[in-house]
Amino acid sequence: MGLNLILLGPPGAGKGTQAKKLVEKYGIPQVSTGDILREAVKTGTPLGVEAKSYMNRGALVPDEVVIGIVKERLKRDDCTNGYVLDGFPRTISQADALFSYLNECGCPINSVIDIRVSKEYLVKRLSGRRVCRSCGSGYHIEFSPSKGTGRCDNCGGELFQRDDDREDVVTKRLETYEAQTSPLVDYYEKSGLLKTVNGVGDVEVIFNDICKIIDGR
Ligand code: AP5
């Protein structure tokens, strides 16, 4: 049976950071709706044009758009042995749609891992985040800086700040999380799938806690 995981947590909790490590260790792909949408914005597709207006004000892209994207993505061959969902679901409607879809395929979610980080850390993490324009590697100006000035350690690409990591948008994203996504914690608790990890501290320690949950499944 495949390893089908959901990483939950507010913006800046470390979902992307941990998802990349899970990809390496378990050989399953990271399915990040944020990454898919950002790629569409970058290439200027109709999806990207629509998504940009929501993303740049810290709002969620409409459910039907995102649900369609995820269903298509999960059909691809690389998801046969599982996947890490990062940033999806983000509303109860998205979670319901995912549940129905996976029920039809007979491949349910194994674990939902909620990475808990309090708000005081989140703003600092998001405002200091830098991302490589070429390979997408993530950095933080204070917590995990690149060795070269403004360049990616892996590929030498330019590091940039995401448009939605500006302070005014960050505040809005955190409000959106509280209003629309945090109810999923209860949702998955009731279904018995929810596991929580403390997302404050060393990245490796947090990763180890996540792996213990996965390996003990
Ligand atoms: P998305 O890209 O999903 O953003 P997010 O959920 O806001 O998550 P982030 O990527 O900001 O944070 P993260 O938890 O991955 O943290 P990271 O590991 O990078 O979504 C962006 C937008 O797209 C949304 O606002 C919405 O508009 C749209 N969208 C996406 N999905 C959608 C959906 N399903 N429905 C509707 N709309 C959707 O870490 C952050 C920083 O902290 C980094 O600098 C990192 O180096 C650092 N860090 C990580 N771990 C630690 C640690 N342990 N200690 C210190 N620093 C750390």
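User: What makes an oxygen atom of the ligand and the side chain of Arg-90 a polar contact?

Analyst: Quick heads-up: this model is predicted. In it, the ligand oxygen is 2.6 Å from an N or O atom in the Arg-90 side chain. A polar contact is a pair of N or O atoms within 3.5 Å, so this pair counts.

User: And how do you know that Gln-94 and Ala-13 make polar contacts with the ligand too?

Analyst: Same kind of check. A nitrogen atom of the ligand is 2.9 Å from an N or O atom in the Gln-94 side chain. For Ala-13, a backbone N or O atom lies 3.2 Å from a ligand oxygen. The cut-off is 3.5 Å, so both pairs pass.

User: How much of the ligand does the protein bury?

Analyst: On its own, the ligand exposes 1000 Å², and the protein buries 94% of that.

User: Which helix gives the most to the shell around the ligand?

Analyst: Helix 2 does, with four residues. The shell has 35 residues: 15 nonpolar, twelve polar and eight charged.

User: Why do Gly-34 and Arg-38 of helix 2 not count as nonpolar where helix 2 meets helix 3?

Analyst: Both are in the part of helix 2 that meets helix 3. Gly is classed as polar and Arg as charged, so neither goes in the nonpolar group. Across that contact, the residues split into six nonpolar, two polar and two charged.

User: How do the two helices cross?

Analyst: Their axes come within 7 Å and cross at roughly 115°, and the crossing is left-handed.

Methods. Residues numbered from 1 in each chain as written. Predicted model: local features only at pLDDT ≥ 70, side-chain atom pairs only at ≥ 80, totals over all residues. Heavy atoms only, no water. Axes fitted to C-alpha atoms, helices over the stretch in contact; angles between N-to-C directions. Left-handed = near helix turned anticlockwise from the far one by under 90°. Contact = heavy atoms within 4.5 Å. Near = heavy atom within 4 Å. Polar contact = N/O pair within 3.5 Å; in protein donor to acceptor, adjacent residues only side chain to side chain. Areas by Shrake-Rupley, 256 points an atom, 1.4 Å probe, with all protein chains shown as cover.
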